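I opened my notebook and loaded a new protein chain. I want to write down what I look up, one entry at a time.

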Amino acid sequence: MFPSRAVRRPGTWLAVAVALVLAVVLIVHLDRGHPEPGSAAGGAPPSTSATAPPAGQDPAWMRPLRPGEKPPQFVLFSFDGAGSHDHWSRYLALAERVHAHFSGLLSGIYLLTDEQRSRYTGPGHKPGAASIGFGGSAAEVATRVRDLNAAVAAGHQIGTHYNGHFCTGAEPSVGRWTTPGWAGEIGQFSRFVDDAHEHLGLHLSAKDVTGGRTPCLEGNWAQAFPAMRAAGYTFDTSQPSDGVKWPTRLDGIWEFWMPYVQVPALHKKVIMMDYNLWYQLGHAKNDTGQYAQATLETYRGAYRAAFDGNRAPLVIGNHFNDWAGGAFSRAAEGFMGEVCTKPETVCATYAEVTKWMSLQDPAVLDRYRAMPPAQVR
Ligand SMILES: [Zn+2]
């Protein structure tokens, strides 16, 4: 499943595995901090910006490339969990300002109050068990529904980060789930979304959710993909690629790769995802140090390499989190603020990039796919 020799290096795997196990521990502790007690300021949907097309109309770039024209440099900001009101507020405002669309990958149990936790049973787990917190109070869930509605109204995409966030160590973890296990997990996610649609006014139903990212990027894809396909999912954005690589159709699902790139501050390659970077930059200590700057430099390097090279869509994967004093949120916000208004650059959702790819002459895209994956130098 991992396309490069670099990714297979045992030392790398050990580091990644340690980082992921650590991430479970951190998420258990930190995701609980997401809901803001008593915060009723859900926020109205942001107004349509002056240069954005009217609702329901395609943007100007949603068309086949002209002869000789390069693909736009797509940047796909995507945030796992997507439960924190504070982060929703900040990213919705920022995205409106820079005309960006992004993707929130929702943990389904954030739509359940803490009292409703027994409604969820993870594959092989007891009812009410999860590695992350549930949705908090009814008021907190209501605020979250308003945030999600504001996101949908602004053209952002809601995908899934599944439910219980069972990574290696929280067994049976997602890597051990069979197809029926995945089907159960996805079915429950869909039910939580549809229940919120029916009873809480969520402007999203399960049929609008077309893919997501697995917890800790883990999973046995041969088992997971059939369940994703059966649910009507069309994309996944969990698997690592060596460098920035064009999405690949795997068993009927578009894989939007998580790039494994050189981090200039470390002189080594890391999967460009917040917790992996945190672990490698500072062994996950809470010392913010230069993490935000080092992460921003990595994003810039990956963008430049893709822009000047194969023009592969660049996935910027983060959680809604305040790890390391918020260093990774600052890096993602800083990068969104500067990159989305650059020439020939479009910050878009998975659904938008998938639609754009479907409009292209396959032979034209194949020429770009044949170019080497973009590498940070
Ligand atoms: Zn996660």
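My entries follow, from the whole chain down to single contacts.

**Entry 1: the whole chain**

I note at the start that this model is predicted. I looked up the secondary structure and found 11 helices and 12 strands. Then I checked burial. Of the 377 residues in the chain, 57% are buried. I also asked how the contacts are spread along the sequence. I took the contacts with a separation of 6 or more, and 75% of them join residues 24 or more positions apart. Last, I looked at the surface. About 14,800 Å² is exposed, and carbon and sulfur atoms supply 56% of that area.

**Entry 2: the zinc ion**

Which residues are the protein donors of the zinc ion? I found His-161, His-165 and His-319, each through its NE2 atom. These donors lie 2.0 to 2.1 Å from the zinc ion. I wrote down their spacing in sequence as H-x3-H-x153-H. His-161 sits in the loop between strand E3 (157-160) and helix H5 (179-199), while His-319 belongs to strand E11 (residues 314-319), so this pair ties together parts that are 158 residues apart in sequence.

Are these two histidines buried or exposed? I used the cut-off of under 20% relative accessible area for buried. His-161 has a relative accessible area of 1%, so I count His-161 as buried. His-319 also comes out at 1%, so His-319 is buried as well.

**Entry 3: the disulfides**

How many disulfides does the structure hold? I found 2. I reminded myself that a disulfide is a covalent bond between the sulfur atoms of two cysteines.

One of them joins Cys-167 to Cys-216, with 2.1 Å from S to S. I looked up where the two ends are. Cys-167 is in the loop between E3 and H5, and Cys-216 is in the loop between strand E4 (211-212) and helix H6 (221-230). This disulfide links distant parts of the chain, 49 residues apart. Its angle about the S-S bond is 90 degrees, and the link is right-handed. Both Cys-167 and Cys-216 are buried. I noticed that the loop between E3 and H5 has come up before, as the place of His-161.

The other disulfide runs from Cys-340 to Cys-347, with 2.0 Å from S to S. This link is left-handed, with -95 degrees about the S-S bond. Cys-340 has 7% relative accessibility, so Cys-340 counts as buried. Cys-347 is buried too, at 4%. I then numbered the bonded cysteines in sequence order and got the pairing 1-2, 3-4.

**Entry 4: one glutamine**

Next I picked Gln-360. Where is Gln-360 found? I located Gln-360 in the loop between helix H10 (350-359) and helix H11 (362-369). Its relative accessible area is 7%, so Gln-360 is buried. I followed the side chain of Gln-360 and reached the backbone nitrogen of Leu-65 at 2.8 Å. I also listed what Gln-360 touches, leaving out residues up to four places away in sequence. The list is Arg-63, Pro-64, Leu-65 and Leu-365. Leu-65 is therefore on my page twice, in the side-chain contact and in the list of touching residues, for a residue that is buried at 7%.

**Entry 5: aromatic rings**

I counted aromatic pairs by the rule of centres within 6.5 Å. The count comes to 26. I looked at one pair, Phe-77 and Phe-335. Their ring centres are 5.9 Å apart and their planes stand at 50 degrees, so this pair is tilted. Phe-77 lies in strand E1 (residues 73-81) and Phe-335 in helix H9 (residues 323-339), 258 residues apart. Both are buried.

Then I turned to Trp-278 and Trp-323. This pair is stacked, with 5.6 Å centre to centre and 20 degrees between the planes. Trp-278 is in helix H7 (residues 274-282) and Trp-323 is in helix H9, so the pair ties together parts 45 residues apart in sequence. Trp-278 is buried at 3% relative accessible area. Trp-323 is buried at 1%.

Which residues do ring pairs link into a cluster with Phe-77? I wrote down Tyr-299, Tyr-303, Phe-307 and Phe-335.

Notes: Residues are numbered from 1 along each chain as its sequence is written. This is a predicted model: local features need pLDDT of at least 70, side-chain atom pairs count only at pLDDT 80 or more; totals for chains, interfaces and linings use all residues. Side-chain values use heavy atoms; hydrogens and water are left out. Donors are N, O and S atoms within 2.8 Å of the metal (3.2 Å for Na, K and Ca); water is not among the atoms, so sites may look incomplete. Helices (H or I, at least four residues) and strands (E, at least two) are DSSP runs, numbered from the N terminus. Buried means under 20% relative accessible area, exposed over 50%, partly exposed in between (1.4 Å probe, protein chains only). Contact means heavy atoms within 4.5 Å. Accessible areas come from the Shrake-Rupley method with a 1.4 Å probe; for residues, only the protein chains shown count as cover. A disulfide is a pair of cysteine sulfur atoms within 2.5 Å. A polar contact is a pair of N or O atoms within 3.5 Å; within protein, one must be able to donate a hydrogen and the other to accept it, and residues adjacent in sequence count only if both atoms are side-chain atoms. Rings of Phe, Tyr and Trp (its six-membered ring) pair if their centres lie within 6.5 Å; planes under 30 degrees apart count as stacked, over 60 as edge-to-face and the rest as tilted.
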